[in-house]
Amino acid sequence: MNETTKTNTVEENETDTENIVNEPVTPTIQPNATEEEINSDYVGTEEQQTVNTEQTEEEKVIELVKNEYGTDQGVTFNIANKEGNIYHVSVNDAETTAVLTWYTVDISTNTVTQ
């Protein structure tokens, strides 16, 4: 009796294992997605446009301040905060990081004031 039970148990286990191994796996695929998009940290075009716009705007703000300050030698430019279209930018000594001056930039009118 013990032998029959052991044989049945082994056969049941083999059958269960075979079913698990042989079951088809269905991948989840995004509609109209390329393989590159599926396998990467994909960022949609709307998100890319938002990020690119903000970077371009911040770069433009820094460029306006550089032009107003007159040089970028020995200094760094830091955007401290943004309130709507208004940016507050500090010009800092590159070695000591001490603030040398502050500028306010209205990006909608490209106006820079000290």
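A contact here means that heavy atoms lie within 4.5 Å of each other. Among contacts between residues at least 6 apart in sequence, 25% join residues at least 24 apart. The model is predicted, and the values below are computed from it.

**Overall architecture**

The protein has three helices and four strands. Read from the N terminus, the order of elements is α-α-α-β-β-β-β, with the helices preceding the strands. The chain counts 114 residues, of which 15% are buried. The exposed surface of the protein comes to about 9,100 Å², and carbon and sulfur atoms supply 46% of that area.

**Salt bridges**

The structure contains two salt bridges. One of them joins the side chains of E57 and K82, with an N to O distance of 3.4 Å. This pair links distant parts of the chain: E57 belongs to helix α3, which covers residues 45–69, while K82 belongs to strand β1, which covers residues 75–83. The two residues are 25 apart. K82 is partly exposed, at a relative accessible area of 45%.

The other bridge is formed by the side chains of D72 and K66, at 3.9 Å from N to O. The cut-off for a salt bridge is 4 Å between a side-chain nitrogen of Lys or Arg and a carboxyl oxygen of Asp or Glu, so the 3.9 Å of D72 and K66 falls within it. D72 has a relative accessible area of 37% and is partly exposed. K66 is partly exposed as well, at 26%.

**The aromatic pair**

A search of the whole structure returns one aromatic pair. Its members are Y69 and F77, whose ring centres lie 6.3 Å apart, with 80° between the planes. Planes over 60 degrees apart count as edge-to-face, so the 80° of Y69 and F77 puts the pair in that class. The two rings differ in burial class: F77, at 13% relative accessible area, is buried, whereas Y69, at 29%, is partly exposed. The limit for buried is under 20%, which is why F77 qualifies and Y69 does not.

**Accessibility of the paired residues**

The table lists relative accessible areas for residues that take part in these pairs.

| Residue | Relative accessible area | Class |
|---|---|---|
| K82 | 45% | partly exposed |
| D72 | 37% | partly exposed |
| Y69 | 29% | partly exposed |
| K66 | 26% | partly exposed |
| F77 | 13% | buried |

How values were computed. Residues numbered from 1 in each chain as written. Predicted model: local features only at pLDDT ≥ 70, side-chain atom pairs only at ≥ 80, totals over all residues. Heavy atoms only, no water. Phe/Tyr/Trp six-rings, centres within 6.5 Å; stacked < 30°, edge-to-face > 60°. Buried < 20%, exposed > 50% of the residue type's maximum accessible area, 1.4 Å probe, protein only. Areas by Shrake-Rupley, 256 points an atom, 1.4 Å probe, with all protein chains shown as cover.
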